[in-house]
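Q: I am new to this structure and would be grateful for a close look at a single part of it.

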Amino acid sequence: MKENGVLAAKFEEILVDYRHELEVRRGLSAHTSRAYLTEARSLFEYLTEQSDNAASALEYLSLADLRGWLAACQAQGHSRASLARHTAAIRTFTAWLEKQGYTQQDAGARLKAPQATNELPRVLSAEQIRTLLNYAGEQAENGDPIQVRDHAILEVLYATGIRVSELVGLNVHDISPENSLRVIGKGNKERIVPFGRPARKAIMAWTSARAQLISELRTNPDRQALFLGARGQRINPRTVRAMITHMTHAAGVPEITPHDIRHSAATHLLDGGSDLRTVQELLGHSSLATTQRYTHVSVERLRAAFGQAHPRA
């Protein structure tokens, strides 16, 4: 047991060094660093479970070990897209491990990501989104700060198409009087994203409710974060996901994730006539090819409408 404790402490020490590498030397965002560290910790846990001598297993880490770890992730139900992200993150980690002298070789240098499927993004119709937002708005009418916050979150996610990581990272001063948000996206890239009057109204209602929530707290709240949890700290992505799951069930629309709302916003923009370049800039995509996925969704919707309505379909 003592040996396990020493080994765990050693692994924690490595993770602390790796966090410094990611955040300080490479300048990655806290969200990205957290994702990379999660993969690294998962690999350590796998090595500890699979080997009688995890320290030796780390030093002589092999491609077979990484493939075994990926297989374990797959057995836990991780999708191909998730496995591809795991692969990219762990390759970064193993290259760093070898450079720092923790391993004899870069085991991830020849690790290939599983080919991602070409599944189309999951999208709600404009009517389903309207039902969801109307329901959230009705719940917020009682003035409960959490309900007001949840309505504002949904309005902002759909109006802007931002990622949930970008949403939880918003600060109060990121809201512009000109109905726009200052968003820090992947790679710490900054962009300005506009939003409409419904989102502005919901944000203003939350701003008042937020002040009420802060005044009632006994703990020291986070005064910079735009969206707060019930205890006054910056809201986390898990809370947002759970809220959306609850809201969709209560509103009677298909269950979705924050990213599905992003997909829906992008698709509805294209359906409404926006060009790809504009949508790319709004979403913060570095590649136009990523944005082009949404044109396939729009084509599928057109095809479905044709099949239902055209007499010669």
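How many bridges join β1 to strand β2, and do these strands run parallel or antiparallel?

A: The model is a predicted one. In it, β1 is joined to β2 (residues 180-184) by 2 bridges, and the two strands run antiparallel. One of the pairings can be named: Ser176 has Ser180 in β2 as its bridge partner. Strands of a sheet pair through backbone hydrogen bonds, in either a parallel or an antiparallel manner.

These two strands belong to an open sheet of 3 strands, arranged in the order β1-β2-β3 with antiparallel pairing. The edges of this sheet are formed by β1 (175-176) and β3 (190-194); each has a single partner strand, so one side of each is left without a neighbour in the sheet.

For the setting of the sheet within the chain, two helices may be considered. Before the sheet in the numbering, α6 covers residues 126-140. Its buried residues are Ile129, Leu132, Leu133, Ala136, Gly137 and Ala140. They cover an arc of only 135 degrees around the axis, which places them on the same side of α6. These buried residues pack against α7 (145-160), α10 (237-251) and α11 (258-271).

The second helix is α12 (residues 276-283), in which Val279, Gln280, Leu282 and Leu283 are buried. Viewed down the axis of α12, these residues fall within an arc of 165 degrees, so they line one face of the helix. Arg277 and Glu281, on the other side of α12, are exposed. Just after α12, Gly284 adopts a positive phi of about 80 degrees.

Methods:
Residues are numbered from 1 along each chain as its sequence is written. This is a predicted model: local features need pLDDT of at least 70, side-chain atom pairs count only at pLDDT 80 or more; totals for chains, interfaces and linings use all residues. Side-chain values use heavy atoms; hydrogens and water are left out. Helices (H or I, at least four residues) and strands (E, at least two) are DSSP runs, numbered from the N terminus. The expected span of a helix is 1.5 Å times one less than its number of residues. Buried means under 20% relative accessible area, exposed over 50%, partly exposed in between (1.4 Å probe, protein chains only). The arc is that of the directions from the helix axis to the C-beta atoms. Contact means heavy atoms within 4.5 Å. Two strands pair if DSSP finds at least two bridges between them.
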